[in-house]
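Me: I am new to this structure and would like to know what the terms used for it rest on. Please take them one at a time.

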Amino acid sequence: MLYIDNRETDPRRNLALEEYLFFHKTEEIFMLWQNSPSIIIGKSQNAMAEIDYTFVTEKHIPVVRRLSGGGAVYHDLGNLNFTYIVNRNGFGDYVGFTKTLRDFLASQGLSAEVSGRNDVLVDGRKISGNAQYFHHGRLLHHGTILIGADLSILGATLRPDTQKIQSKGVKSVQSRVINLSTILPMDAKTFRRAFGSYILETEKPDVYTLSEKDLAETEKLYSEKYSTFAWNFGYSPKYSFHTKNRFPGGGVEVFLDIRDGVIFDAKIYGDFLADAAPLAKKLCGVHHAADSLRKVLQGETLGTIDEDELLRCFL
């Protein structure tokens, strides 16, 4: 098994690297990695239905889709991620792939257990969520380890307005979580160093340094897939969107149908003094994202309702 101590923190490059290693290497691999603040969503999830889009946009937190299924998670540098890529048929062995983590925690005096299908708990609270992806005899298992993540940001980012969005995508299941740093005298940097040493001692992998080819192929996936709207938002299942707002210039009620991240039907109602039909028509074919909507709404009004007020109606 190869051991990769990946120091990149861009979530889009890290998920691109996972995909490259999975499909283009034949060796079995273990990798440690961390992401700067980001939302990582499961392959079958609706991005807009999982996040507080306004908060995420204002804080410039990227939303990135991964290969595996499961729910949305918040990452920052207080969270450590681990990946196993192995050659085997079938998936579902969450107990086996979290054993090393649980054994390491036991060596630090903490008792951890697998709960449900894919969570690791300490004292009844979640410290690790895990997901898998399988393709043609190759299995990817990755998991999070909460050490010192900003749980207030975690709660704020993963708080969608369910009254706005009706989606058929896979929904996240919220769990009670805890940072290991509250019960273990280690910050994320110390934990990473100690856990990495434990892996090297117990599993005895061969340390591997990414080659120039590895980095070039990863960069290609980053630019062509993981940094694109088409993958991160456009891959979302079809959903409908509804908001109702009142401004000094009147009330506005919006109904949108979105497919592949693009508005394909828009209806705007209200008691404003204007005809909304031209604007509704103009919205069709536009990405359901702040930047795209802002461009379309530039200079638009509905009576005395200005473009900034209108933008609030569509997000």
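Reply: A start can be made with a pocket: the second largest one has a volume of about 410 Å³. Its lining has 19 residues, and the closest to the centre are Y53, F229, F233, A289 and D291. The model is predicted, so local features need pLDDT of at least 70 and side-chain atom pairs pLDDT 80 or more, while totals for chains, interfaces and linings use all residues. Residues are numbered from 1 along each chain as its sequence is written, and side-chain values use heavy atoms, with hydrogens and water left out.

Me: What makes a space a pocket, and what is its volume?

Reply: On a 1 Å grid over the protein atoms alone, a pocket is an open set of points with protein on both sides within 12 Å along at least five of seven lines; a cavity is a set where a 1.4 Å probe fits but cannot get out, and lining residues have an atom within 4 Å of a point. Grid points are joined across faces, edges and corners, and the volume is the space filled by probe spheres set on the points. For the second largest pocket that comes to about 410 Å³.

Me: Which helices each supply at least two residues of the lining of the second largest pocket?

Reply: They are helix 3 (53–58), helix 9 (229–232) and helix 11 (290–297). Helices here are DSSP runs of H or I with at least four residues, strands are runs of E with at least two, and both are numbered from the N terminus. By residue kind, the lining divides into ten nonpolar, seven polar and two charged. Ala, Val, Leu, Ile, Met, Phe, Trp, Tyr, Cys and Pro count as nonpolar, Asp, Glu, Lys and Arg as charged, and the others, Gly among them, as polar.

Me: Why is H136 called exposed?

Reply: Exposed means over 50% relative accessible area, buried under 20%, and partly exposed in between, with a 1.4 Å probe and protein chains only. H136 has 72% relative accessibility, so it counts as exposed. D260, at 49%, is therefore partly exposed.

Me: What is said about phi in H136?

Reply: H136 has a positive phi of about 45° although it is not a glycine. Most residues other than glycine have a negative phi. H136 is found in the loop between strand 9 (125–135) and strand 10 (138–146), a hairpin with two residues between the strands. D260 also has a positive phi, near 55°, and lies in the loop between strand 14 (250–259) and strand 15 (262–270).

Me: How do you know that strand 9 and strand 10 pair?

Reply: Two strands pair if DSSP finds at least two bridges between them. Strand 9 and strand 10 have six, in the antiparallel sense, and H135 stands opposite R138. Strand 6 (residues 79–87) pairs with strand 10 over nine bridges, also antiparallel. In strand 10, nine of nine residues are buried.

Me: What makes the crossover from strand 1 to strand 2 right-handed?

Reply: A crossover is right-handed if, with the strands pointing away from the viewer, the path from the first strand over the helix to the second runs clockwise. Strand 1 (residues 2–5) and strand 2 pair in the parallel sense over four bridges. The chain crosses from strand 1 through helix 1 (residues 11–24) to strand 2, and this β-α-β crossover is right-handed.
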